[in-house]
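I open this page to record what I looked up in one protein model, beginning with its fold and ending with its core.

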Amino acid sequence: MGRSRTYFEPNTRIGKLTILREVFPPLQGETNFFCKCDCGKYCEVLGRNLKQSLRNNSKTRSCGCFKHQNVPILDDLIGHRIGRLKIIRRDFSKIHSTYWICLCECGNKKSIAARHLKSLKTLSCGCIREESCRETGLKRRKG
Ligand SMILES: [Zn+2]
Ligand SMILES: [Zn+2]
């Protein structure tokens, strides 16, 4: 009975994950582990992936939330003004990136991508026209 199967001590920490227990039955013949992430989520991770992360002393191992932390959360922008826009609240209908509902001084409300606000590309609902650059608007994008 070779001890090739992956084993971890309970409560082993790898990155942001704490390994709780093995998942039964194994998925596709591979040992999975039920882990708790520091963010509060639970996830199942392949034993061999965990083993590799442990070997690399990986600090980035997480339920998947780690990546997202590189995206700045702009909650502190609520109530701030950028150009003519006042940021009212997060637009939760946009799930692929962060959008904010902004109230323009002209009275229009508009949902604007956080990255545009942050880069100061968008300073109004559209009522300010920047004469010099008309690069925005004409490019069609999917989604
Ligand atoms: Zn997480
Ligand atoms: Zn406006």
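The entries below go from the overall layout to a hairpin and then to the nonpolar cores.

I note that this is a predicted model, in which local features need pLDDT of at least 70 and side-chain atom pairs count only at pLDDT 80 or more, while totals for chains, interfaces and linings use all residues. Residues are numbered from 1 along each chain as its sequence is written, and chains are lettered from A and ligands numbered from 1 in the order in which they are written.

Layout. I find three helices and eight strands (DSSP runs, H or I of at least four residues for helices and E of at least two for strands, numbered from the N terminus), and along the sequence they follow β-β-β-β-α-α-β-β-β-β-α.

Hairpin. I looked at strand 7 and strand 8 (residues 109-113), which pair in the antiparallel sense over five bridges (pairing requires at least two DSSP bridges). Leu103 stands opposite Lys109 of strand 8, and among the four residues between the strands, Gly107 takes a positive phi near 105°.

Cores. Of the 143 residues, 15% count as buried (20 or more other C-beta atoms within 10 Å of the residue's own, with C-beta atoms placed from the backbone). The largest nonpolar core (buried Ala, Val, Leu, Ile, Met, Phe, Trp, Tyr and Cys residues joined through C-beta atoms within 7 Å) has eight residues, including Leu85, Trp100, Cys102 and Ile112. Strand 6 (85-90), strand 7 (99-104) and helix 3 (114-118) each give two or more residues to this core, and the largest share, three residues, comes from strand 7. Apart from this core lies another, of seven residues, among them Ile14 and Phe33.

Key. A residue is buried if 20 or more other C-beta atoms lie within 10 Å of its own, exposed if 12 or fewer, and partly exposed in between; C-beta atoms are placed from the backbone.
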